[in-house]
Amino acid sequence: MTNNIIKTIQESIAVKQAICQDERLVNTIQQVAAVITSSLQQGHKILFCGNGGSAADAQHLAAEFSGRFYKDRTPLYAEALHCNTSYLTAVGNDYGYDQVYARILRGIGQPGDVLVGISTSGNSANILEAYKVAKGKGMIVVSMTGQSGGKMKDDSDYLLNMPSSDTPRIQESHITVGHIICEIVENNLFA
């Protein structure tokens with residue numbers, strides 16, 4: 001049992017070390033932080049979407065922006081699009097689950113807003129549908145995925161693909177990278 005615990009922690013560390021060694025990915029993290037900073041400075045929104053554990057990660061990261069991260073500061077406009085269960089279940093029932101994020105973006109998405117799609121596989125149909133709407137509205141699309149990037153790779157302005165194909169290790173890295181972005185944005189806006 002102890003060996004399995006240590007092995008799992010070492011696997012998580014290995015993914016984070018691979019991120020550190022991936023110059024392209026580190027540069028993309030910096031670029032995403034700059035884009036989110038600029039978007040918020042211009043009065044735009046940061047919108048997150050995901051499914052299952054990735055929905056929980058979307059909600060977690062939205063809360064870091066809208067609540068606080070390290071600093072006691074003005075709230076930032078960030079939200080996870082799945083949090084209204086009445087909306088989610090009505091649209092899922094009436095239009096299909098693949099439309100739950102696309103439909104809400106038709107109503108609230110604006111040019112300059114940032115949509116962050118989180119999916120370990122990069123193949124979530126409802127996020128791919130949301131990307132179509134986001135692109136049509138002039139939104140900026142950021143994908144947080146696993147190693148391959150999946151289908152979301154092609155529709156992303158910025159791809160944060162974690163160097164792993166193991167779902168738990170990808171999710172752990174999504175939160176780490178999300179926290180780094182939150183910290184950079186917070187420091188940019190509230191020096």
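This note covers helix α7 and the salt bridges of a predicted model.

1. Helix α7 first. It runs over residues 167–189, 23 residues in total. At 1.5 Å a residue the expected span is 33 Å, and the end C-alpha atoms are 33 Å apart, so the two agree.

2. Burial along α7. The buried residues are R169, I170, S173, H174, I175, V177, G178, I181, C182, V185 and E186. Their cover includes three helices, α1 (2–21), α2 (23–41) and α3 (53–66). Strands β3 (114–118), β4 (140–145) and β5 (158–161) are also among the covering elements.

3. Salt bridges overall. The whole structure holds 9 of them. Side chains of opposite charge can pair when their charged atoms come close.

4. R73 and E186. This salt bridge ties α7 to a distant part of the chain: E186 sits in the helix, R73 in the loop between α3 and β2 (78–80), 113 residues apart. The closest N and O atoms are 2.8 Å apart. Both R73 and E186 are buried.

5. D113 and K45. Here the closest N and O atoms of the salt bridge are 2.7 Å apart. D113 lies in the loop between α5 (100–108) and β3, and K45 in the loop between α2 and β1 (46–50). They are 68 residues apart. Both are buried.

6. E129 and K132. This salt bridge stays within helix α6 (residues 125–136), its partners 3 residues apart, about one turn. The closest N and O atoms are 2.9 Å apart. K132 is exposed, at 55% relative accessible area.

7. A network. Salt bridges link K7, E11, D166, R169 and E172. Of these, R169 is one of the buried residues of α7.

Conventions. Residues are numbered from 1 along each chain as its sequence is written. This is a predicted model: local features need pLDDT of at least 70, side-chain atom pairs count only at pLDDT 80 or more; totals for chains, interfaces and linings use all residues. Side-chain values use heavy atoms; hydrogens and water are left out. Helices (H or I, at least four residues) and strands (E, at least two) are DSSP runs, numbered from the N terminus. The expected span of a helix is 1.5 Å times one less than its number of residues. Buried means under 20% relative accessible area, exposed over 50%, partly exposed in between (1.4 Å probe, protein chains only). Contact means heavy atoms within 4.5 Å. A salt bridge is a side-chain nitrogen of Lys or Arg within 4 Å of a carboxyl oxygen of Asp or Glu.
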